[in-house]
Amino acid sequence: MATKVETTVEEKLRALYDLQLIDSRVDEIRNVRGELPLEVEDLEDEVLGLKTRMDKLKTDLETINYEIGAKKNLIEEAKVLIKKYADQQKNVRNSREFNSLAKEVEFQELEIQLAEKNIKEFKVQIEQKKEVISETKEKLTEREAHLKHKKSELDAILAETEKEEKALLAKSEKFEKQIEDRLVQAYKRIRNNVKNGLAVVPIERGASGGSFFTIPPQVQVEIASRKKIITDEHSGRILVDPVLAEEEQEKMHKMFSKI
């Protein structure tokens, strides 16, 4: 079984700052993509919704046309019955039979009137549906074109950055393994709780990077000695001295240029 090599505090600080530089570069890449993935996803949902609406509208049209056909058949059947009853009236034996047939004829005529009224209403619905279909189709065409443009834009960015991001994520994972678990967990916790994901920062003009709170001179001396891990009492960030930061930035810059 291999013996774990003991690392100095300085080595831990360098490893943590290197991890921060790598993760910050990943953040930059993802910021370049910005809201594009979400925009594409929203557009895809919108296009799907419009297509579903189009399908429903077309189904509604088919149903209305079927109802019109059914009403036309009813009218034809009613006309046949009216003719039948009219012929029967010629051969009735009394007024009671005649009046009964007359009521049947009247009922069928009312059925025809109601069916014709329904057909007119259905035709109005068809025109309304066609208008909505036309508007929906126009909007769908516009959204599909917009989606195509956004997808093309996203694909171009992904093509430029995906390879680098994967390589950086692999490096980040590798660097994490070089740092003891408790420090990695502390780093991640701080990173999730601070602005811009900066968990490890150098001292800049007597304050921690991105902060206006001055660090006491004695604490600055301790940080420069690299003998223990010190956090900023205001932000909770892990602090490193500017010389170490500059050295690691130069090293990481060379590594990034090779990816």
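**Close-up views of a predicted protein model**

**View 1. The whole chain, with six helices and four strands.** Here helices are DSSP runs of H or I with at least four residues, strands are DSSP runs of E with at least two, and both are numbered from the N terminus. Walk along the sequence and you meet the pattern α-α-α-α-β-β-α-β-β-α. This is a predicted model, so local features need pLDDT of at least 70 and side-chain atom pairs count only at pLDDT 80 or more, while totals for chains, interfaces and linings use all residues. Residues are numbered from 1 along each chain as its sequence is written, and side-chain values use heavy atoms, with hydrogens and water left out.

**View 2. The overall spread of the protein.** Along its principal axes, the C-alpha trace spans about 125 × 45 × 35 Å. The radius of gyration is 39 Å, whereas a compact globule of 259 residues would come out near 18 Å (the radius is taken over C-alpha atoms, and the globule rule is 2.2 Å times the number of residues to the power 0.38). Of the 259 residues, 35% are buried; buried means under 20% relative accessible area, exposed means over 50%, and partly exposed is in between, using a 1.4 Å probe and protein chains only. About 17500 Å² of the protein is exposed, and carbon and sulfur atoms supply 51% of that (areas come from the Shrake-Rupley method with a 1.4 Å probe; for residues, only the protein chains shown count as cover).

**View 3. Helix H2 (residues 36–89) from Pro37 to Gln89.** Pro37 sits in helix H2 and counts as partly exposed, at 35% relative accessibility. Pro37 and Gln89 are 52 residues apart in sequence, and their C-alpha atoms are 77 Å apart in space.

**View 4. Two residues of helix H3 (95–177), Arg96 and Arg143.** Arg96 lies in helix H3 and counts as exposed, at 67% relative accessibility. Its C-alpha atom is 118 Å from that of Thr8, which is 88 residues away along the chain. Arg143 is in helix H3 too, but at 17% relative accessibility Arg143 counts as buried. Skip its neighbours within four places in sequence, and Arg143 is in contact with Leu43, Glu46, Val47 and Leu50 (contact means heavy atoms within 4.5 Å).

**View 5. The second largest pocket, with a volume of about 150 Å³.** On a 1 Å grid over the protein atoms alone, a pocket is an open set of points where a 1.4 Å probe fits, with protein on both sides within 12 Å along at least five of seven lines; lining residues have an atom within 4 Å of a point. Grid points are joined across faces, edges and corners, and the volume is the space filled by probe spheres set on the points. Helices H1 (9–33), H3 (95–177) and H4 (181–193) each supply at least two residues of the lining. Among the lining residues are Asp23, Arg30, Glu176, Tyr187 and Lys188. The lining divides into three nonpolar, two polar and six charged residues. Nonpolar covers Ala, Val, Leu, Ile, Met, Phe, Trp, Tyr, Cys and Pro, charged covers Asp, Glu, Lys and Arg, and the others, Gly among them, are polar.

**View 6. Two loop arginines with positive phi, Arg205 and Arg226.** Arg205 has phi near 50 degrees and sits in the loop between strands S1 (200–204) and S2 (207–208). Arg205 is exposed, with a relative accessible area of 82%. Arg226 has phi of about 55 degrees and lies in the loop between helix H5 (217–225) and strand S3 (230–231). At 14% relative accessibility, Arg226 counts as buried.
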